[in-house]
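Biologist: Before the discussion begins, please place the model before us. I should like to go through the terms applied to it one by one.

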Protein chains: 2
Amino acid sequence: MARETLVVIGAVAAGMSAASRARRRNPQLRIIVLEKGHDVSYGACGLPFYVSGEVSRADDLVVYTANYFREKRDIEIRLGHEAVSIEPGRKIVHALHGASQPVEIPYDKLVIATGAAPVADIPGANLAEVFTCNDLANAAKLREFLDSRKPKSAVVVGAGYIGIEIADALAKRKMEVIVLSRGERALAGFEPEIQSKMEIAMDARGVHLKPNSAVTQITASGSGDGLQVHHEKGTESTQVVVLATGIKPRTSLAESANIRLGPTGAIAVDERMQTSVNGIYAAGDCAETRHLVSGKPTYLPLGTTANKMGRVAGDNAAGGHARFAGIVGTLATKAFELEAARTGLSASEARAAGFHASSTTIHSFSHAKYLGGKPLTATLLWDRASSMLLGFQVACEHGAAQRVDAAAVALHARMRVADLEFLDLGYAPPFAQVWEALLIAAGGAMKAAKRS
Amino acid sequence: MARETLVVIGAVAAGMSAASRARRRNPQLRIIVLEKGHDVSYGACGLPFYVSGEVSRADDLVVYTANYFREKRDIEIRLGHEAVSIEPGRKIVHALHGASQPVEIPYDKLVIATGAAPVADIPGANLAEVFTCNDLANAAKLREFLDSRKPKSAVVVGAGYIGIEIADALAKRKMEVIVLSRGERALAGFEPEIQSKMEIAMDARGVHLKPNSAVTQITASGSGDGLQVHHEKGTESTQVVVLATGIKPRTSLAESANIRLGPTGAIAVDERMQTSVNGIYAAGDCAETRHLVSGKPTYLPLGTTANKMGRVAGDNAAGGHARFAGIVGTLATKAFELEAARTGLSASEARAAGFHASSTTIHSFSHAKYLGGKPLTATLLWDRASSMLLGFQVACEHGAAQRVDAAAVALHARMRVADLEFLDLGYAPPFAQVWEALLIAAGGAMKAAKRS
């Protein structure tokens with residue numbers, strides 16, 4: 001009897017997690033990974049640090065090489081192979097390799113981990129000095145341009161956390177940086193008090209945020225070098241543009257197999273990461289997941305979630321019974337020496353999900369002031385009707401992410417605000433407060449609940 | 001009608017939390033705080049940093065002064081007033097002030113926050129060069145001795161977290177430091193892998209830990225300056241000794257009122273912090289609390305818990321209905337540039353409490369290696385019978401405490417190991433890992449559970 005074959009499409013976080021887990025689950029399985037690019041298993045979240053130069057070589061971001069997977073895990077990685085369609089009836093993937101005719105690759109089980117593509121639909125986005133920075137290939141192009149041409153000025157389009165991280169990376173290279181935001185604020189999805197802290201941190205490092213400045217067109221300067229970025233509020237002259245205007249799930253391959261997309265536009269999967277087609281799984285930035293606070297399908301493409309979904313997809317594709325229930329919306333970033341982190345729903349997300357969302361913001365310190373504790377701002381979101389915790393956000397120089405983790409666990413456990421006030425959290429003067437921000441904010445929320 | 005009077009005995013963490021909360025709850029109440037010493041509301045956890053000199057003035061550790069409480073919160077603080085007995089029948093506290101006769105102080109409600117006293121029952125403990133360091137007064141004496149006499153060598157007796165913190169403080173003063181441990185290891189109550197990390201950190205800074213070296217006697221050197229510390233394994237010559245041999249709850253005052261002590265030897269209280277005598281509350285290091293993992297009374301005197309107990313005692317003494325269910329055993333420390341933190345039960349505590357405790361230790365990193373991530377060791381304790389999480393311990397240069405907090409919340413929520421593997425924790429390369437230590441350890445525990 002022929003060996004069963006698992007084909008994985010995509011070789012970054014979700015794809016390689018799936019392949020690796022499948023190998024551990026089933027040593028007999030034949031595992032083929034198709035990757036249209038030439039990079040595998042790299043930490044995409046580290047790309048801004050490669051752009052800044054803090055990480056000198058792209059290879060430093062690679063967790064394991066293709067050869068490692070081939071030799072140590074018996075996984076056939078085929079680089080430069082682009083899957084172009086799936087025939088579920090025949091269990092065949094059609095793939096292109098170079099200029100050759102499509103080849104047919106038969107599978108027994110299939111994992112789709114095609115990731116997401118940058119949204120770059122601005123006229124002029126194809127100009128040579130306009131970059132995106134969502135994978136190793138395009139980050140490398142940007143880095144090469146910066147190293148060789150040494151531009152003095154940059155415009156970052158988009159003020160979400162990725163745009164902010166890239167702006168920080170460029171500012172570290174001593175460039176003049178302007179960030180154009182379509183909306184009012186930096187750091188979309190965060191609460192105003194947290195956004196404000198990041199805006200102040202940007203400003204302190206000379207990075208100029210322009211709100212309500214959706215870009216309409218990018219054109220080459222008349223002089224020949226440089227660009228004009230036209231937006232709702234005016235025009236910026238600059239030497240390089242980086243687009244950080246979001247990403248969208250790559251679903252065309254799934255659609256070729258009539259796999260159902262969810263309400264978010266990403267591939268719909270169940271808790272086992274199976275798509276609407278039996279034997280075909282999806283994981284990572286191409287797929288949606290469930291938000292455990294709202295209970296609704298959500299699209300929040302992050303490396304952490306991609307790894308988990310990949311592991312579960314690979315486990316099940318290899319005969320296991322793993323489940324991934326979903327996320328609570330945890331996201332952390334660091335830029336301009338400020339950590340900002342959130343978990344759960346934002347106030348507007350909570351209202352959209354039908355909650356009676358209230359928010360309580362407190363100002364405290366990262367640790368004992370007599371040991372140099374830094375200011376900390378935290379916003380707690382809670383439901384007036386049920387007193388349930390809905391979310392928690394923190395901005396601070398140190399420890400924002402791990403502080404939010406405690407609240408993330410509380411969201412997984414569906415805790416109420418009253419359950420939080422006396423949580424037994426760790427304290428010592430060099431790194432915490434006797435009353436940690438989560439406890440203070442919970443106390444504040446309880447007081448507000450009594451007043452209302 | 002006369003105003004109701006609340007008397008609080010003790011003016012540090014629990015006492016001043018109680019007085020402050022009582023004032024907020026009831027603006028009409030008369031509040032008297034009796035303090036036998038002369039310091040109020042200071043951060044005792046900061047004492048090692050005062051000893052090291054990192055905190056230059058003792059006043060820097062004081063959160064609020066006595067005058068602040070008098071003027072801003074209308075709390076009558078009587079310094080140098082030692083409560084010597086309680087007559088619950090007449091609702092009277094007898095207190096000494098200087099050489100005068102005892103005065104009678106009537107109360108309607110009483111909060112006992114007498115704290116804990118160092119265990120210093122070694123022959124020779126009363127020598128002038130032998131110190132304890134558990135309150136501001138004795139820490140100030142030690143600091144003055146170090147500043148004026150500039151001793152070159154010290155012996156710390158006791159290798160619990162307090163002994164380790166003091167050893168670190170003395171080592172920062174460029175002193176030769178020996179730590180004598182009664183037991184095998186440094187950092188009692190932690191798991192061996194975590195203890196080992198702290199021992200290595202001590203050793204790297206030239207501090208010498210001597211295990212199984214219970215001290216039998218301290219004597220003055222024949223030469224006139226210096227001490228001989230005699231222990232099970234030999235004798236150390238040194239210029240100063242600091243005893244960190246534990247603390248015991250101060251219960252004699254409570255016993256004078258026939259208030260019941262619990263099985264731990266500390267004052268027994270209910271969830272409202274009421275003692276066995278109606279209208280008399282106890283809070284802080286003189287009282288025991290419930291361990292929410294074992295379900296049993298426990299004595300773990302810490303500032304965090306003292307503040308919570310004080311707040312609840314003060315609230316109820318002023319007519320409120322607050323409750324404090326208990327702790328999950330969270331404790332964090334930093335010494336020798338290493339953070340060590342624990343929550344829940346240790347393996348031996350878990351076995352003593354009747355659990356089938358297993359432990360899983362993993363080695364990971366604080367954050368991305370390409371950004372200088374530091375080694376991290378974590379031990380997860382879990383119950384083989386129920387798969388419940390029992391505890392989590394972390395040692396790392398950065399972020400040990402906040403990492404343990406996520407597990408502390410999981411303990412409050414009584415989560416199982418399977419609930420932890422896919423927790424949605426925050427990640428970004430400068431401060432975390434895609435698979436955080438708690439998730440890796442939970443995965444390891446689940447694998448071990450399947451094998452067993």
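The exchange below concerns the interface of the two chains in this predicted model.

Biologist: What makes the pair Arg311(B) and Glu421(A) a salt bridge?

Modeller: The closest N and O atoms of Arg311(B) and Glu421(A) are 3.5 Å apart. The rule asks for a side-chain nitrogen of Lys or Arg within 4 Å of a carboxyl oxygen of Asp or Glu, so the pair qualifies. Across the interface of chain A and chain B, two salt bridges are found.

Biologist: Which elements of chain A give two or more residues to the side that touches chain B?

Modeller: They are α8 (303-317), β21 (331-335) and α10 (400-412) of chain A. The most comes from α10(A), with nine residues. By class, that side of chain A holds 30 nonpolar, twelve polar and 13 charged residues.

Biologist: How do you know which rotation relates chain A to chain B?

Modeller: Chain A superposes on chain B by a rotation of 180° with 0.0 Å of shift along the axis, at an RMSD of 0.0 Å. That is the relation of a two-fold axis. Ala406(A) comes closest to this axis of the residues of chain A, its C-alpha lying at 2.0 Å.

Biologist: Why is it said that the copies meet through the same surface?

Modeller: Of the interface residues of chain A, 100% are also interface residues in chain B, and therefore the copies meet through the same surface. In contact are 55 residues of chain A and 55 residues of chain B.

Biologist: How much area do chain A and chain B bury between them?

Modeller: About 4900 Å² is buried between them, 66% of it on carbon and sulfur atoms. In chain A, Gln402(A), Phe422(A) and Asp424(A) lose the most area to chain B, together 16% of what that side buries.

Notes
Residues are numbered from 1 along each chain as its sequence is written. Chains are lettered from A and ligands numbered from 1 in the order in which they are written. This is a predicted model: local features need pLDDT of at least 70, side-chain atom pairs count only at pLDDT 80 or more; totals for chains, interfaces and linings use all residues. Side-chain values use heavy atoms; hydrogens and water are left out. Contact means heavy atoms within 4.5 Å. Buried area is the accessible area (1.4 Å probe) that two parts lose on being put together, summed over both. Helices (H or I, at least four residues) and strands (E, at least two) are DSSP runs, numbered from the N terminus. Ala, Val, Leu, Ile, Met, Phe, Trp, Tyr, Cys and Pro count as nonpolar, Asp, Glu, Lys and Arg as charged, and the others, Gly among them, as polar. Copies are superposed by least squares on the C-alpha atoms of residues with pLDDT of at least 70 in both.
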